[in-house]
Amino acid sequence: MTKKKRKGITIFLFLLPALLLFFGILVAPIISSVYNSLYQYEGFSGDKTFVGIQNYVDLFENKAVYDFGTALKNAFILAALSVFIQLPLSLGLALMLGKGIKGERFYLSVYFMPVLISAVVIGALWSKIYNPTYGILHYFMEKLGIANLMPATGFVGDPDTALIAVFIPTIWQYVGYHMLLMYAGVKSVSPELREAAMLDGATDGQVDRYIVIPSIKQIIKVSVIFAITGSLKSYDLIKVFAGSNYNVPYNVPSLMLVRNVLGGHGGIGSAIAVMMIILCFAFAIIINQIFKERDPYGGKKHIKE
Amino acid sequence: MAEKSILKNNDLEIYKVKKTNKVVKVLIYIGLVIWVIIDLFPIYYLLTFSLKNNSEIFGENVIGLPKYWLFSNYADAMARGNMPRNFLNSIIVSVATIAIVLIAGLMATYAITRIAWKGSKLLNSIFMLGITIPIHVALYPIYVLLHKVGLMSTYTSLIVPYAAFGLSMGIMICTGFMNDIPKELDEAANIDGCGLWGIFFRVIVPLMKPALATIGIYTFLQSWNEFMFASIFINDSAHKTLPVGIAELQGRTTTDWGIVGAGLSIATLPMLIVYVFLSKRIQESFMVGAVKG
């Protein structure tokens with residue numbers, strides 16, 4: 001009895017620091033965000049009125065003030081670019097590196113490098129690259145005789161191209177991250193399997209298509225989840241482009257969140273935060289479902305004797 | 001007889017496959033080199049314009065190496081911003097975050113994976129949910145709390161949230177490594193008279209050094225580059241971290257590109273130099289984190 005009790009206390013003591021951090025800083029804010037999102041706050045005075053789900057309704061309905069729909073749409077565009085352009089690029093590079101190339105480590109290290117650079121630096125650097133008068137992009141376009149294709153206010157300044165222009169550096173920065181994950185998977189495919197397929201007359205492309213890609217499916221799944229949740233959360237680089245301006249064509253949920261938190265609109269801010277958690281979890285679950293093992297006919301695999 | 005001819009045929013096949021491979025290989029190299037250029041060119045551009053004056057950057061010498069290597073840009077960036085201070089602050093915050101994540105993570109993982117008790121699996125999955133939770137959720141509640149308790153613009157206001165949000169990944173990485181330590185070691189130590197604490201300090205911790213490096217690197221990069229909390233919770237220049245310092249330098253200095261470039265380079269180069277020496281280690285710490293999730 002006492003021994004058991006002592007063991008229990010020991011376990012609790014081992015867990016204590018982690019529990020304090022996790023429940024104090026992670027779980028409690030989630031609960032308080034859900035609670036706060038049901039109130040309207042007047043600045044930071046602490047005065048609040050219960051408004052039910054009005055904040056959530058306002059986010060979507062009150063387009064003149066919030067226009068959360070557009071911010072969300074932009075985040076989804078970034079997610080789609082990430083899944084359909086960035087990840088295929090990463091996969092392509094990983095497959096190429098997996099073929100036993102000379103200088104493999106060099107390529108790998110170069111591709112991963114941008115991941116380590118602060119997104120603030122990347123944002124500042126690319127805003128120089130995009131500069132409509134002095135930027136390197138303008139310089140190249142001039143050399144090619146297509147400088148007139150650049151909008152007068154630059155790609156970031158022009159509402160039609162701003163979204164894409166701001167998202168390109170984000171995509172660029174993380175190609176190497178997903179490449180690294182996929183490369184680890186590609187490398188874990190046994191060389192015997194590759195050789196056997198080659199002996200049977202499979203081409204490089206066929207080996208990739210029928211052996212390598214299916215065996216790294218789980219890693220691709222992780223990449224897809226990270227790419228989508230990462231896009232929903234993206235902030236740093238976008239904030240650097242926006243500067244102190246919040247009314248930008250590339251507005252995203254986290255930019256709205258910060259604006260409302262700093263502006264003392266805790267209720268709306270909390271509603272945005274809650275929406276972000278729900279979306280992150282929803283996408284993680286959906287992607288997990290999509291990648292569930294299926295039999296060759298597309299049905300879900302079921303256990304059969 | 002028949003078998004022999006098949007063998008011969010196969011030999012030919014292999015030969016053929018290898019030959020077509022050469023064309024594919026050339027294409028692969030071209031593809032790889034193109035992405036190297038796309039990756040490195042912006043960084044080359046940054047490093048070169050950080051050493052030029054405006055007339056070179058703006059037209060005279062846009063892509064070449066600097067004509068006069070203006071290292072004075074670096075001195076100006078240091079003086080104009082508050083970079084040495086920002087640097088020091090980033091180091092303090094990151095190191096403290098790593099220490100907390102390591103201690104809390106190791107202890108929790110030990111209790112979850114090495115001691116048998118009801119509910120350990122459940123608690124582990126609760127911790128793992130933390131990986132998906134965006135740090136944004138905590139922004140408003142912590143902002144309000146910091147105001148209330150008067151901890152705005154302190155190192156604590158960044159260290160504690162960073163540690164909390166880095167903890168789940170820390171526990172996940174720890175679990176992977178700790179499962180590789182044979183349980184027989186615990187039993188042997190127990191027979192020799194070690195209690196749970198003794199096993200933890202004398203057996204587990206010394207064997208977890210590789211895990212500590214992995215978690216340390218991963219946590220370091222997360223907290224070193226974090227921008228949202230750092231830009232909101234810190235209002236005095238004495239506590240601002242590097243990303244905030246850089247963003248302010250970039251926002252304030254619109255005319256002198258060379259100085260901004262120097263500032264950006266100062267923030268980036270130390271990381272890249274460390275990366276040159278530890279590239280494998282750093283890459284591994286990112287792989288462990290994702291592949292096991």
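How much area does chain B expose, and what share of it do carbon and sulfur atoms supply? Chain B exposes about 13800 Å², and 68% of that is supplied by carbon and sulfur atoms. Please keep in mind as you read on that this is a predicted model.

## Chain B

Let us stay with chain B for a moment. Its secondary structure consists of 13 helices and 0 strands, so the order of elements from the N terminus on is simply α-α-α-α-α-α-α-α-α-α-α-α-α. The radius of gyration of chain B is 26 Å; the globule rule gives 19 Å for 293 residues, and because the value is well over that, the chain is more spread out than a compact globule. Along the principal axes, the C-alpha trace of chain B spans about 80 × 70 × 35 Å.

Of the 293 residues in chain B, 52% are buried. Among the contacts in chain B with a separation of 6 or more, 74% are accounted for by residues 24 or more positions apart. As for charge, chain B carries 23 positive and 17 negative side chains, with the centres of the two sets 4 Å apart.

## Chain A

Chain A is built with 14 helices and 2 strands. Its radius of gyration is 24 Å, which is well over the 19 Å from the globule rule for 305 residues, so chain A is more spread out than a compact globule. The principal-axis spans of its C-alpha trace are about 80 × 75 × 40 Å.

In chain A, 53% of the 305 residues count as buried. The accessible surface of the chain comes to about 14400 Å², with 64% belonging to carbon and sulfur atoms. Residues 24 or more positions apart make up 64% of the contacts in chain A that have a separation of 6 or more. There are 26 positive and 18 negative charges in chain A, and their mean positions lie 11 Å apart.

## Where the chains meet

How many residues does each chain bring to the contact? Chain A gives 85 residues and chain B gives 89 residues. Between them, the two chains bury about 8200 Å², and 81% of this is on carbon and sulfur atoms. On the chain A side, the residues that lose the most area to chain B are Phe14(A), Leu116(A) and Lys128(A), which together account for 10% of what that side buries.

## Two residues up close

Now for a look at two positions in chain A. Val207(A) sits in helix H10, residues 204-215. Is Val207(A) buried or exposed? With a relative accessible area of 2%, Val207(A) is buried, because a residue counts as buried under 20%. Setting aside residues up to four places away in sequence, Val207(A) touches Arg194(A), Ala197(A), Met198(A), Ala202(A) and Val212(A). A further distance helps to place this residue: the C-alpha atoms of Val207(A) and Glu195(A) are 9.3 Å from each other, with the two residues 12 apart along the chain.

Ser234(A) belongs to the loop between helix H11 (217-233) and helix H12 (236-242). Ser234(A) has a relative accessible area of 13%, and so it is buried too, given the cut-off of 20%. Which residues does Ser234(A) contact, apart from its neighbours within four places in sequence? Ser234(A) is in contact with Leu78(A), Val252(A) and Ser254(A).

Methods:
Residues are numbered from 1 along each chain as its sequence is written. Chains are lettered from A and ligands numbered from 1 in the order in which they are written. Side-chain values use heavy atoms; hydrogens and water are left out. Helices (H or I, at least four residues) and strands (E, at least two) are DSSP runs, numbered from the N terminus. The radius of gyration is taken over C-alpha atoms; the globule rule is 2.2 Å times the number of residues to the power 0.38. Buried means under 20% relative accessible area, exposed over 50%, partly exposed in between (1.4 Å probe, protein chains only). Contact means heavy atoms within 4.5 Å. Accessible areas come from the Shrake-Rupley method with a 1.4 Å probe; for residues, only the protein chains shown count as cover. Lys and Arg count as positive and Asp and Glu as negative; His and the chain ends are not counted. The place of a charge is taken as NZ of Lys, CZ of Arg, CG of Asp or CD of Glu. Buried area is the accessible area (1.4 Å probe) that two parts lose on being put together, summed over both.
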